[in-house]
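Dear colleague,

I am handing over the structure that we spoke of, with the sequence alongside. Please have both open while you read the notes below.

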Amino acid sequence: MLISDQWLKDYFDSQLEPSENAAILTDLGLEVEGITTYESIKGGLEGVVVGEVLECEQHPNADRLKITRVSTGKETLQIICGAPNVDKGQKVAVALVGTTIYPSNGEPITLKKTKIRGESSEGMLCAEDELGLGQSHDGIMVLDADLKIGQPLSAVFENYSDTVYEIGLTPNRADAMGHYGVARDLRAGIAKNDQLAPLNTVSTSSFSIENYSTPIEITVQSQEKAPRYLGIVVSDIRVAPSPTWLQNRLKAIGLNPINNVVDCTNYILHGLGQPLHAFDYDKIEGKKVIVRTAEKGEKLLTLDGVERELHTEDLIICDTKKPMCIAGVFGGLHSGVSENTTSVLIESAYFDPVSIRKTSKRHALHTDASFRFERGVDINTCEIALKRAAIILKEIAGGTVSSDLIESYPKEAEPISLFLNYATLNRIAGAALPKDHVKNILVHLEFKVLNETEAGLGIVVPTYRNDVTREIDVIEEVLRVYGYNTIPVPEKFNYTHASVAENQNLKFQNEVSDQLVALGYAETLSNSLTVASDDPRSILLKNALSSDLESLRTEMFSSGLKTLAFNANRQQKDLKIFEFGKVYHQEGKDRREYQQLLIMATGRKHIQHWLSGDESISFYDLKSICTTLFNRLEITTYSERKMESHVFFAEGISFSSDKHLLAEIGLVSKEHSKSFGLTQEVVSILIHWDNVVQKAHNNEFKLKEISKHPQVYRDLALIIDENIEFGQLLEACQTAEAKLLKGVRLFDVYTGKGIPSGKKSYAIQLQFNDPRKTLTDKEIDKSVSKIFKKLEGEFGAVLRS
């Protein structure tokens, strides 16, 4: 946000240098990220003087050029000029050699002594566009004949100069969205302990209603979305360019002046932080304004020439026949002010921040007005801003106030009353703050002190601070103005280390993170705040920082896919990531949070190398990682099931134990991948970390001696139904022979010739071992028989001949 130093002085003149103001504002929490200088005439016409043309002759080598001899008072210069209007005896603007001029269009030019068609030229006779004084290039500027030769041109043309602060405004500081709010903070920061000249309040004493020739009716149907709405008509205006002072104010903060009416509303917006809107009174059908939500299918042609279909939750301003604008966001093309406008209805309102934020996001319209309404303007500034706008319009457009000030304000906002306890303040600050200083700070911030006791202050919070609702918020206000840097640091710190039990959750996270990093995965961290969705489990924030951060996330897949897409768009195609995070669910009247581990991968399995192929990472690679992690955490007993359906997976499996879901592994559906701009196949694991920790927490870590006796292997070729999964066979084998069976591996799958329809062949290898002795053939055959009977009984397995 840009703040003009000259504009600040309209409300409070600090008598300090801009760099000192910037330091104070930064300490107050309004961080000044940069300071620039604005000049209405760029370069300030430095090096440009008034000259007189003494001689003017035709250039011998060019039909369109002339050789002039020009006096600058100190010397006579030969200057080649191509302007058709140059003549002897004229007073002209001369840019001397070494001067940098700033044309209205184009890059700056530094003048050098040069030769043009064989003749020397020592400067330049300038047109107004070449000096940034206008757009005309019909010829050189011919100045007043009474001007003194050699006089700096900067003394002839007034150059408005200003210092501009670029402030990084935090979302909670809605009060500082205008120059008045910044001036109030600056004054409080300078005053601190001392009394200072008062803040120049915005006067509306000269406001008066002169006649009632242009009546207007206002009806607010959506009171909850427009708690306060005011309007007044100013007639007999003349739409024209704004006066120079107003144009300079707006240009200094990067705004282009449009006309005196629009500029007046922008001046109030950036001065007081209160958005206004001006309607052409003659275009209001029925001379009635209706504030309501849009009907289904309603459309509005907005100021940018785009016809927008309105949502039924959008708040709009209408007349008796049509919508005129999207409330608090964007105006309509056909109700706006034009050069033929003679009467305007000025609107000043307080709109519900959540409603404006949603509408702004819905239509992708982010305006200066919506920026302020989203964060919450001061409901008590509406009337002051409206009256001030009417006063200024009378001054700059010749208008008269010709209607009642119509207001809809059924329920007045009640300010918050709080008690500031000195003991609490000093405990938080870590030092005893002087009571009179504390009171002085709050008074300078326009907090009303109701009563004062030895224990503390009873105060009323001003309505401009909608983020101050608790005692701790008041303490923050006091400390930021008092200055964190001024609080003394104690020479000695006492600290008692508390003995706490080992955090098993963190221990397991570190183990798993180390394992994944060793496997080439990178850990990511994403925001748990996201955009609002239609998920019934969503938990919305009451005072969201922005429209993109208004809900707690209900799942982690979106943040993972967003991370993959961000990197894929930057030529990073082979990606392996993981993230520990939380999701939040509204479950009936309860709100619950669950910790999860998301693992995602896409692209090639290995870094591209002449020895490695282009094999893509697959579902089976991630399944292997999942089982490896479980083994690392000593989780060995769990069942595998094929997922019938999943919101994000096209297909996949799940691991469960004791009816608790441990993990889901699958191929992310193409629909979800494409919605994030991903064209590659994405595979993912979602580990339900709370359940995994609980399972791992109950396991004791045991060291096992490596068996001294040989491993024995047996192969079985089975014909089974094609819908049977290997996980089911694995679980059955382990159940049938839990003592000697150490592993089961699927090494071949076959369908085709020799296999009945609806069947498939699985070749599995069984691994046996007894740590106490070498197994005999008889013992092995007995175990294999038990396993086969189990498979035969449960799945109808048949040995393939």
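What follows is an account of what was found, beginning with a sheet and a pair of helices and then turning to single residues.

Please keep in mind throughout that this is a predicted model.

The sheet

Five strands make up an open sheet, and their order across it is β14-β17-β20-β21-β22, with mixed pairing. At the edges are β14, which covers 217–220, and β22, which covers 330–331, and each of these pairs on one side only. Strand β17, residues 288–293, pairs with β14 in the parallel sense, and the two are joined over four bridges. If you would like a place to start looking at this pair, Ile-218 stands opposite Val-289 in β17.

The helix pair

Helix α17 (residues 726–736) and helix α18 (residues 777–795) have axes that come within 9 Å of each other and cross at roughly 135°. The pair therefore counts as oblique, because an angle would have to be over 145 degrees to be called roughly antiparallel. The crossing by which α17 passes α18 is right-handed. On the α17 side the contact is made by Gln-728, Leu-729, Ala-732, Cys-733, Thr-735 and Ala-736, which meet Lys-786, Ile-787, Lys-790, Leu-791, Glu-794 and Phe-795 in α18. Sorted by type, the residues of this contact comprise seven nonpolar, two polar and three charged.

Buried residues

Ser-4 belongs to strand β1, residues 2–4, and its relative accessible area is 0%, so that it counts as buried. Which residues does Ser-4 touch, if those up to four places away in sequence are not counted? They are Tyr-160, Asp-162, Thr-163, His-179 and Ile-253. For Thr-163 the separation from Ser-4 is 159 residues in sequence, while in space the two are 6.1 Å apart, C-alpha to C-alpha.

Gly-44 lies in the loop that runs between β2 (31–39) and β3 (48–58), and with a relative accessible area of 15% this glycine is buried, because the limit for that term is under 20%. Leaving aside residues up to four places away in sequence, Gly-44 touches Glu-39, Ser-154 and Asn-159. Gly-44 and Arg-184, by contrast with a contact pair, are 32 Å apart in space, C-alpha to C-alpha, and 140 residues apart in sequence.

Thr-381 is also a loop residue, found between α7 (368–375) and α8 (382–397). Its relative accessible area is 14%, and Thr-381 is therefore buried. When residues up to four places away in sequence are set aside, Thr-381 touches Leu-272 and Gln-274.

Positive phi values

Two aspartates deserve a look at the backbone. Phi of Asp-236 is positive, near 60°, in a residue other than glycine, and the residue sits in the loop between β15 (228–235) and α4 (244–252). Asp-658 is likewise not a glycine and has a positive phi of about 50°; its place is in the loop between β36 (649–657) and β37 (660–668).

Are these residues buried or exposed? Asp-236 has a relative accessible area of 53% and is exposed, and Asp-658, at 61%, is exposed as well. Both values count as exposed because the limit for that term is over 50%.

With best wishes

Definitions and conventions. Residues are numbered from 1 along each chain as its sequence is written. This is a predicted model: local features need pLDDT of at least 70, side-chain atom pairs count only at pLDDT 80 or more; totals for chains, interfaces and linings use all residues. Side-chain values use heavy atoms; hydrogens and water are left out. Two strands pair if DSSP finds at least two bridges between them. Buried means under 20% relative accessible area, exposed over 50%, partly exposed in between (1.4 Å probe, protein chains only). Contact means heavy atoms within 4.5 Å. Axes are lines fitted to C-alpha atoms, for helices over the stretch in contact, and angles run from 0 to 180 degrees between N-to-C directions. Angles under 35 degrees count as roughly parallel, over 145 as roughly antiparallel, 65 to 115 as roughly perpendicular and the rest as oblique. A crossing is left-handed if the near helix is turned anticlockwise from the far one by less than a right angle, and right-handed if clockwise. Ala, Val, Leu, Ile, Met, Phe, Trp, Tyr, Cys and Pro count as nonpolar, Asp, Glu, Lys and Arg as charged, and the others, Gly among them, as polar.
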